[in-house]
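Please look through the structure below, together with its sequence, before reading on. The paragraphs that follow begin with the overall fold, then turn to the interior, and end with some details of the backbone.

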Amino acid sequence: MFIIEAIAFTFFGACIGSFLNVCIFRLPRNQSIITPGSFCRNCKTPIKWHDNIPMFSYIFLKGRCRNCKERISIRYPFVELITAVLFLALYLKFGFSIELVKYCFLFSLLIMVSFIDIDYHAIPAHLCFLGIVFGLAISVFSSLELLKTGGFEPKTLPIVRSGIGLLFGFGFTYMFKFFGDIGIDIYLKLRKKESIEGETESLGLGDVDFMGMVGVYLGVPSALVWGPVVSVLLVFFLAPFFAMVYSVIALIFKKSHLIPYLPYLSLATLAVFFWGEEILKFVSRLILI
Ligand SMILES: [Zn+2]
């Protein structure tokens, strides 16, 4: 029974991934994500349901449109695959529970903002806001459940933790952006340049919203009430390491140094979500030495 449930939920994840592909393409263009149904970008033929099965159709159709034989980007099955894998990981961690809903929502948003950021170097402002509202709503719900049982401490209520995380995520990142922007400003004036490859900001406001969202959802358990604060710090300082790996690759292949930052913040969020405790232990050992 368990295996059937796990397989079914993984496939459900792939279907959500397919929907995320639609959102990634249409949301930045201000198009409806409901209608019309999927169609081929090249020949505009509507895609039949049996040619629109997540991951499998791409394999059966050998990555080409059935009608015009135009290549379909490998990115579509890739997004479906990572969504499916992440949903399976969450199912194995939480089983069917409110946490499963909460983090499936967060991870879907992470995938969406990452790919939109890769395409546009910006994301629709309401996406992280939606994530924050949804996360807070779940925290209120979980807090009410705890209040019913009575066995709780006010400081450890989910909504208190989420609130602290939200404020810290916003505040810390905004402060960093504020001083970072001043630093870049001074650098540009000294070098008498207009921008660094067209960029004049240290962090975008999208990054600030994103870190507020991280604070709502994440909290390293052993740090108790400061769990969300620790999580925000870990994500913030871990992301540059992921970005560094890309920069080295970009240097080798002589691509632009301008990097969308949200994919790295998303990767760091995933790492802190799954291995937050281990990373915290590792960091505190480094500090103590
Ligand atoms: Zn076609």
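In this predicted model, the secondary structure of the protein chain consists of nine helices and zero strands, so that the pattern read along the sequence is α-α-α-α-α-α-α-α-α. The radius of gyration is 21 Å, close to the 19 Å that the globule rule gives for 289 residues, and the chain is therefore as compact as a globular protein of that length. Taken along the principal axes, the box filled by the C-alpha atoms comes to roughly 65 × 60 × 35 Å. Of the 289 residues in the chain, 32% are buried, and among the contacts with a separation of 6 or more, 68% are between residues that stand 24 or more positions apart.

From the overall fold we can move to the interior. The largest nonpolar core has 56 residues, and those with the most contacts inside it are Phe107, Met112, Val113, Phe210, Val214, Val235 and Leu265. The elements that give two or more residues to this core are the helices H1 (2-26), H3 (75-94), H4 (98-120), H5 (126-149), H6 (158-191), H7 (205-217), H8 (227-252) and H9 (262-288). Of these, H4 gives the most, with 11 residues. For a closer view of one core residue, take Met112, which, once its neighbours within four places in sequence are left aside, is in contact with Leu20, Cys23, Ile24 and Leu127.

The loops hold some details of the backbone that are worth a separate look. As a general background, most residues other than glycine have a negative phi, and most peptide bonds are trans. In the loop between H1 and helix H2 (56-60) lies Pro36, and the peptide bond that leads to Pro36 from Thr35 is cis, with omega near -10°.

Further along, in the loop between H2 and H3, comes Lys69, which is not a glycine and yet has a positive phi of about 65°. Is Lys69 buried or exposed? Lys69 has 11 other C-beta atoms within 10 Å, and because a residue with 12 or fewer such atoms counts as exposed, Lys69 is exposed.

A positive phi is also found at His121, another residue other than glycine, where the value is near 55°. The place of His121 is in the loop between H4 and H5, and, with 16 C-beta neighbours inside 10 Å, His121 counts as partly exposed.

Technical notes
Residues are numbered from 1 along each chain as its sequence is written. This is a predicted model: local features need pLDDT of at least 70, side-chain atom pairs count only at pLDDT 80 or more; totals for chains, interfaces and linings use all residues. A nonpolar core is a set of buried Ala, Val, Leu, Ile, Met, Phe, Trp, Tyr and Cys residues joined through C-beta atoms within 7 Å. A residue is buried if 20 or more other C-beta atoms lie within 10 Å of its own, exposed if 12 or fewer, and partly exposed in between; C-beta atoms are placed from the backbone. Helices (H or I, at least four residues) and strands (E, at least two) are DSSP runs, numbered from the N terminus. Two residues are in contact if their C-beta atoms, placed from the backbone, lie within 7 Å. The radius of gyration is taken over C-alpha atoms; the globule rule is 2.2 Å times the number of residues to the power 0.38.
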